[in-house]
Every structure is written in C-alpha cells, then in structure tokens.
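User: Hi! I'm new to reading protein structures, and I'd like a close look at a single part of this one. Could you walk me through one helix and its surroundings?

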Amino acid sequence: MRILISGASIAGPVLAYWLTRYGFDVTVVERAPTLRKTGGHAVDLFRPAMEISAKMGVLPRIEALATGTARLTMYREGRTKPIRIDLTKIYAATSDRHVEIMRDDLSEIYYDAARDDVEYLFGDSITAIEHDGTVTFEHAPAHAFDVIVGADGLHSNVRRLTFGDEADLTRFLGGYLAVVSAPKSLAATNEMIGHLGLGRLAAIYTAEHLDDARAVFMFRSKEELDYDHRDSLRQKELLRDAFAGMHPEVDGWLEEIDRTPAFYFDAISQLRLDRWSRRRVTLVGDAGYCPGPAVGGSTSLAVLGAYVLAGELAEADGDHLRAFAAYELQMSESVHRSRTFARGAAKGLIPGSRAGVWALSRGVQLVSLIPGSLSRAVAKLNTKGIRMHDSMPVPDYTGIDV
C-alpha cells in the first residue's frame, strides 16, 4: 500500500516512522528544498508525546536537546521590580512528563528516526489530487497513491485541494504570535526574560546548544489584521506597531527584525473542521485540527494524531475508509478538549485588562512559590485545565502483526 504524506515538520515524519514500521510504502513531499531549519520557537511535549517518542526510541535525544529554561524573570509594564518565577514548578504542575525543545530540533529528530526507510521529495509540492488517488506534483511525475495525508500545517495545501471552501474554516482567537532570531548575547542560558503589559507579552530565551536567542512576541487584537501570510515586510511593520514604547529592552529586540535570519508571524487561530477525511485523503496535526499556535498543545496533539492514524491504518489492514473513521473517533475528544483549552489560554496568556495582567503574573508566581508536591496534587484534580494535555489517552497498537 502506497501512502503519500505532504509535510516534513512534526506530524509528517512521526507518521512516516510508524507507517514504515507497519510495512507501508511511504513517500513524503516537502515544499522546502531541505529539512526546515528556520529558527522557529520552542514547543512543549507532554506525557502522550513523550510516551510515543519513547516507543520510537528517540526520547534520549529529545531530552538531550531540551532548552533547559528553568527560570523566568518577568517585568510588568510600568513597574521596575521584576517577578521571579521557577518554571520547573510550573512544568511539574502541568505534566508528569514534559520537555521543552526547539521545533526544528524536534523535527530533525523525528526525520532521522525513519529517513532510511522513507522516500523524501524535497523542493516539491502537490498541485492536484484526483478521486482515484492520482497526485500531480510541481516537479515530480504524477503518481497514484492509495492514501494521501496532509501534514502540512495550518495553511495546508492538501486541505485546500481536498475541502475547497471548507478549508478556511478557522476561528480567530484574538491574538498574534511572532518569533525573531536574535544574537545569543541578548539572553542568558536557562533563563527567560519577559515583559508583560496590557494586551502584549514579549520574552527572550536561548539554550546551551543554540547559536542564537529567540525573541517571542504575543499581542492581542480585537479584529484580524490585514496582511498576507507570506508578506513578511507587512508582518514586521505590524509587530513594531504592537510593541512600540513597551520597554527599552523590548525596543532592542525589535531592532533585530531587519537583520534576523529567521522570522515567524501568524495569527493565533483555531481550525474548526469537524471531519478531517474525504475519499483517499485525510489530515493530521495542524493541517486538520490546529487548536491554536502556542496556546493549545498543538505539537503534542500532532504527535498523538500521527501515531493514532498509523495505528488505525495498520489495524484496518489498509482499508483506509475504515481506518479514517476509527482515527477520527479516537482523536475527537482530545481535539475538542484542546480547542476549549486553547480558547481560554489565549485570553489568559495575553490579558486584555489590568486585572488580567495582575492575575497572570501573581498566579504563576504563586505556583512557583508553593511546594511542588502540593501544586502537582492540586493540578491533577483538573484534567480539563492545565493537566488536559497529560490526560489525552494513548491507544495501544502492540498487537498489530508487522
């Protein structure tokens, strides 16, 4: 059975690993000319993704490349005295097994796990998908596949080709996220420096193995801003306007925009598709059910979704319609809970009132001050809140004949 995956970021390589393990013939097509190493930002892996990574044998490498960010020094806009926060206690309250890692590092680790068993087509993309599974590419000759999977992110080309007008069924969560590569000298290893104000949050961090630092910006907006997602000049202009006059240190981070080797900017939006499959095509990760960048645990959800999709295709012995139905059923609750969590997190992380700014800063400070055992015990009572990601079930597919 031949399976084509579009996208070589996170969900694509994880899915490719498990499909090849189950004996499928896998091709991955990626628009970028090489594996993307574009700066990016840190992502969180929670218990389900950690368990799946352990099954893949890559967890030691993931843990070795963890960012190691353990402290947060936060300045509230207009105040001179910072709030110091123990991030290790925050992480412990949210998950029993957690690691923060740069997205590009994680992508490379998953890619390496099965690169010798998968055909990768870099510098190419899909232009058309026929009902019988025939796929047309920009460069490679057309070929027929039994299953086509879109793992190509929130702005998925496969989703657009398959679902048409439904492909843009998104919900704006009221904010924007930007990441800028900056000189490593602007940040300290193991410590994040942040500035929190009304409707905006800026922070900078680095990791021991990185050659640079990453400045992260999040800001609120009542309405969606007018720009094209490929127009970086317009995006940089919007970012400068949003953080003008916040703090001299933030001004310095913004100065790096014109010389940064890597820049990311996107709306914090939630994909609202309720079905992710049609005929021979299905979607995985952000391409199918992005809960919202930076607020919904989308990386762990993508890893889980890829693992489940591969397992259901194997259990269905290649009957893709049966597998797609089982996959959507297995993932439905986790996706809907992630969406609900993300809507609340977007409001909480970028507070729109002075009371919200105070509540966020004091809340995280309180968690970092109380004993870790107490904060974990209290957090475990709330599987729909901060422990939601840990509570997502990981199905067992060990009985599949390989």
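Here is the part I have in mind, followed by a walk through it. Which residues of α2 are buried, and what covers them?

Analyst: Happy to help! Keep in mind that this is a predicted model. Let's begin with the whole protein and then move in on α2.

The protein has 13 helices and 18 strands. Its radius of gyration is 21 Å, close to the 21 Å that the globule rule gives for 402 residues, so the protein is as compact as a globular protein of that length. Along the principal axes, the C-alpha trace spans about 65 × 45 × 35 Å. Of the 402 residues, 56% count as buried. Among the contacts with a separation of 6 or more, 74% are between residues 24 or more positions apart. Please keep that last point in mind, as the helix you asked about gives an example of it.

Now to the helix itself. Helix α2 covers residues 47-56, and it is mostly covered, with seven of its 10 residues buried. The buried ones are Arg47, Pro48, Ala49, Met50, Ile52, Ser53 and Met56. A residue counts as buried when its relative accessible area is under 20%. What lies over these buried residues includes the helices α1, α3 (59-64), α5 (103-114) and α10, together with the strands β3 (42-45) and β6 (99-102). Two of these partners, α1 and α10, deserve a closer look.

Let's take α1 to start with. This helix runs over residues 11-21, and its axis comes within 12 Å of the axis of α2, with the two crossing at roughly 45°. The two helices are therefore oblique to each other. In passing α2, α1 makes a left-handed crossing. On the α1 side, the residues that meet α2 are Val14, Tyr17, Trp18 and Arg21, and on the α2 side they are Ile52, Lys55 and Met56. Sorted by class, the residues of this contact are five nonpolar, no polar and two charged.

You may like to know why residues a few places apart can share one contact. An α-helix has 3.6 residues a turn, so residues three or four places apart point the same way. With that in mind, try finding Val14, Tyr17, Trp18 and Arg21 of α1 in the viewer.

Next comes α10, which spans residues 298-315. Here the axes are 8 Å apart, and α2 and α10 pack at an angle of about 50°. That makes α2 oblique to α10. This crossing, too, is left-handed. From α2, Ala49, Ile52 and Lys55 take part, and they meet Ser300, Val303, Leu304 and Tyr307 of α10. By class, this contact has five nonpolar residues, one polar and one charged.

If you put the two contacts side by side, Ile52 and Lys55 appear in the contact with α1 and again in the contact with α10. Of these, Ile52 is on the list of buried residues in α2.

Let's now stand on the other side and look back from Ser300. This residue lies in helix α10, and with 0% relative accessibility it counts as buried. Leaving aside neighbours within four places in sequence, Ser300 is in contact with Asp44, Leu45, Phe46 and Ala49. One of them, Ala49, is among the α2 residues that meet α10 and is itself buried. Asp44 and Leu45 fall in β3 (42-45), which is one of the elements covering the buried residues of α2. Here, then, is the example promised above, a contact between residues 24 or more positions apart, as with Ser300 and Ala49.

Finally, let's follow the chain out of each of these two helices. Just after α2, Gly57 takes a positive phi of about 80°. Beyond α10, in the loop that leads to α11 (320-349), sits Asp317. Its phi is near 55°, a positive value in a residue other than glycine. Asp317 is exposed, with a relative accessible area of 70%, whereas Ser300 is buried at 0%.

To gather it up, α2 has seven of its 10 residues buried, and its cover includes α1 and α10. It meets α1 at roughly 45° and α10 at about 50°.

Methods. Residues are numbered from 1 along each chain as its sequence is written. This is a predicted model: local features need pLDDT of at least 70, side-chain atom pairs count only at pLDDT 80 or more; totals for chains, interfaces and linings use all residues. Side-chain values use heavy atoms; hydrogens and water are left out. Axes are lines fitted to C-alpha atoms, for helices over the stretch in contact, and angles run from 0 to 180 degrees between N-to-C directions. Helices (H or I, at least four residues) and strands (E, at least two) are DSSP runs, numbered from the N terminus. Angles under 35 degrees count as roughly parallel, over 145 as roughly antiparallel, 65 to 115 as roughly perpendicular and the rest as oblique. A crossing is left-handed if the near helix is turned anticlockwise from the far one by less than a right angle, and right-handed if clockwise. Contact means heavy atoms within 4.5 Å. Ala, Val, Leu, Ile, Met, Phe, Trp, Tyr, Cys and Pro count as nonpolar, Asp, Glu, Lys and Arg as charged, and the others, Gly among them, as polar. The radius of gyration is taken over C-alpha atoms; the globule rule is 2.2 Å times the number of residues to the power 0.38. Buried means under 20% relative accessible area, exposed over 50%, partly exposed in between (1.4 Å probe, protein chains only).
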